[in-house]
Amino acid sequence: GPIARIQQLLRVEADEARPLLLLWIHSLFVGIAIVPLYAAANALFLAHLEAQVLPYAYMVSALLGILAGILYRQARRHLAVSRVFTGLLLSLLLCLVLLRLSLDLTTSAWPAFLLLGFQSVSKALLGVELWGIAGQVFNVRQGKRLFGLIGSGELLATVAGGLATPVIVSLVGTQNLLLVSAAGIGGAVVVL
């Protein structure tokens with residue numbers, strides 16, 4: 001049938017179809033998480049702080065990245081891979097929800113400041129999580145054929161999300177883009 005022809009065209013073997021589809025959907029959710037988070041973090045930063053503060057935000061972002069890397073490495077040493085990836089996604093989701101709530105609970109600029117650093121660290125961690133799973137599911141030979149297909153989910157979400165962002169902002173507001181991002185992370189947790 002048509003599905004078999006698509007599999008043949010894409011060089012997907014029968015036993016690879018289901019994990020490939022799940023990883024593609026997971027990749028799509030990662031893209032759904034990244035785009036609105038990026039847009040909201042940058043817009044909220046510039047709405048609350050002067051552009052001269054950006055270098056400090058980038059320094060904090062680098063420090064958060066180092067801290068996240070240390071925590072990730074420690075988790076990988078002591079926990080099963082499935083627990084590490086689930087914990088990573090749930091931690092990102094919790095941080096994102098707390099940052100969103102903090103925007104409502106304070107008029108201070110610190111949530112917008114932290115959000116910019118959180119955004120860049122989460123993008124990196126979501127990539128580590130997605131490709132870490134893909135590396136666990138598929139071997140190197142399979143990866144050469146399939147990783148491009150998996151990554152196309154994130155690419156599709158990035159393009160569509162970028163085009164849809166102005167419409168979404170007009171419907172829910174800039175701060176609630178964080179909830180759209182949280183929905184993307186939540187979707188990734190479900191697929192995981």
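# Briefing: pockets, salt bridges and helix contacts

H4 is the element that gives the most residues to the lining of the largest pocket, contributing 10 of them. The model is a predicted one, and the points below concern its pockets, its salt bridges, one helix contact and a few individual residues. The largest pocket has a volume of about 550 Å³, while the second largest has a volume of about 280 Å³. Two salt bridges are found in a search of the whole structure.

**The largest pocket**

- The lining of the largest pocket, whose volume is about 550 Å³, is made up of 22 residues, and those lying nearest the centre are Ala-68, Ser-91, Leu-92, Cys-95 and Leu-125.
- Helix H3 (54-78), H4 and H5 are the elements that give two or more residues to this lining, with H4 giving the most.
- By residue class, the lining of the largest pocket divides into 18 nonpolar, three polar and one charged.

**The second largest pocket**

- The second largest pocket, with a volume of about 280 Å³, has a lining that includes Ile-3, Ile-6, Gln-7 and Leu-10, together with Val-12, Ala-17, Leu-20, Leu-21 and Trp-24, and also Leu-149 and Ser-152.
- The elements that give two or more residues to the lining of the second largest pocket are H1, H2 and H6.
- The lining of the second largest pocket divides into nine nonpolar residues, two polar and no charged.

**Salt bridges**

- One of the two salt bridges joins Arg-145 to Glu-16, and the closest N and O atoms of this pair are 2.5 Å apart.
- This pair links distant parts of the chain, since Arg-145 belongs to helix H6 (residues 140-172) and Glu-16 to the loop between helix H1 (2-10) and helix H2 (17-48), with their positions 129 residues apart in sequence.
- Arg-145 counts as buried because its relative accessibility is 15%, which is under the 20% cut-off for that class.
- Glu-16 also counts as buried, because its relative accessibility is 0%.
- A salt bridge is also formed by the side chains of Arg-100 and Asp-104, with an N to O distance of 2.9 Å.
- Arg-100 and Asp-104 both lie in helix H4 (residues 81-105), where they are four residues apart, or about one turn of the helix.
- Arg-100 has a relative accessible area of 10% and is therefore buried.

**Contact of H2 with H5**

- The axes of H2 and helix H5 (residues 110-137) come within 8 Å of one another and cross at roughly 170°.
- This crossing makes H2 roughly antiparallel to H5, because angles over 145 degrees fall in that class.
- The residues of the contact of H2 with H5 divide into 21 nonpolar, six polar and two charged.

**Helix H1 and the residue after it**

- H1 lies largely in the open, because the number of buried residues among its nine is zero.
- Arg-11, placed just after H1, takes a positive phi of about 60°.

**Individual residues and their C-alpha separations**

- Gly-162 lies in helix H6, and this residue is partly exposed, with a relative accessible area of 40%.
- Between Gly-162 and Ala-68 the C-alpha to C-alpha distance is 27 Å, and the two residues are 94 residues apart in sequence; Ala-68 is one of the residues nearest the centre of the largest pocket.
- Pro-166 lies in helix H6 and counts as exposed because its relative accessibility is 55%, which is over the 50% cut-off for that class.
- Pro-166 and Ala-39 are 127 residues apart along the chain, and their C-alpha atoms are separated by 9.8 Å.
- Ile-66 lies in helix H3, and this residue is exposed, with a relative accessible area of 52%.
- The C-alpha atoms of Ile-66 and Leu-178 are separated by 23 Å, for two residues that are 112 residues apart along the chain.

Methods. Residues numbered from 1 in each chain as written. Predicted model: local features only at pLDDT ≥ 70, side-chain atom pairs only at ≥ 80, totals over all residues. Heavy atoms only, no water. Salt bridge = Lys/Arg side-chain N within 4 Å of Asp/Glu carboxyl O. Buried < 20%, exposed > 50% of the residue type's maximum accessible area, 1.4 Å probe, protein only. Axes fitted to C-alpha atoms, helices over the stretch in contact; angles between N-to-C directions. Parallel < 35°, antiparallel > 145°, perpendicular 65-115°, else oblique. Nonpolar A, V, L, I, M, F, W, Y, C, P; charged D, E, K, R; others polar. 1 Å grid on protein atoms, 1.4 Å probe; cavity = no way out; pocket = protein on both sides within 12 Å on 5 of 7 lines; lining within 4 Å. Points joined across faces, edges and corners; volume = space filled by probe spheres on them.
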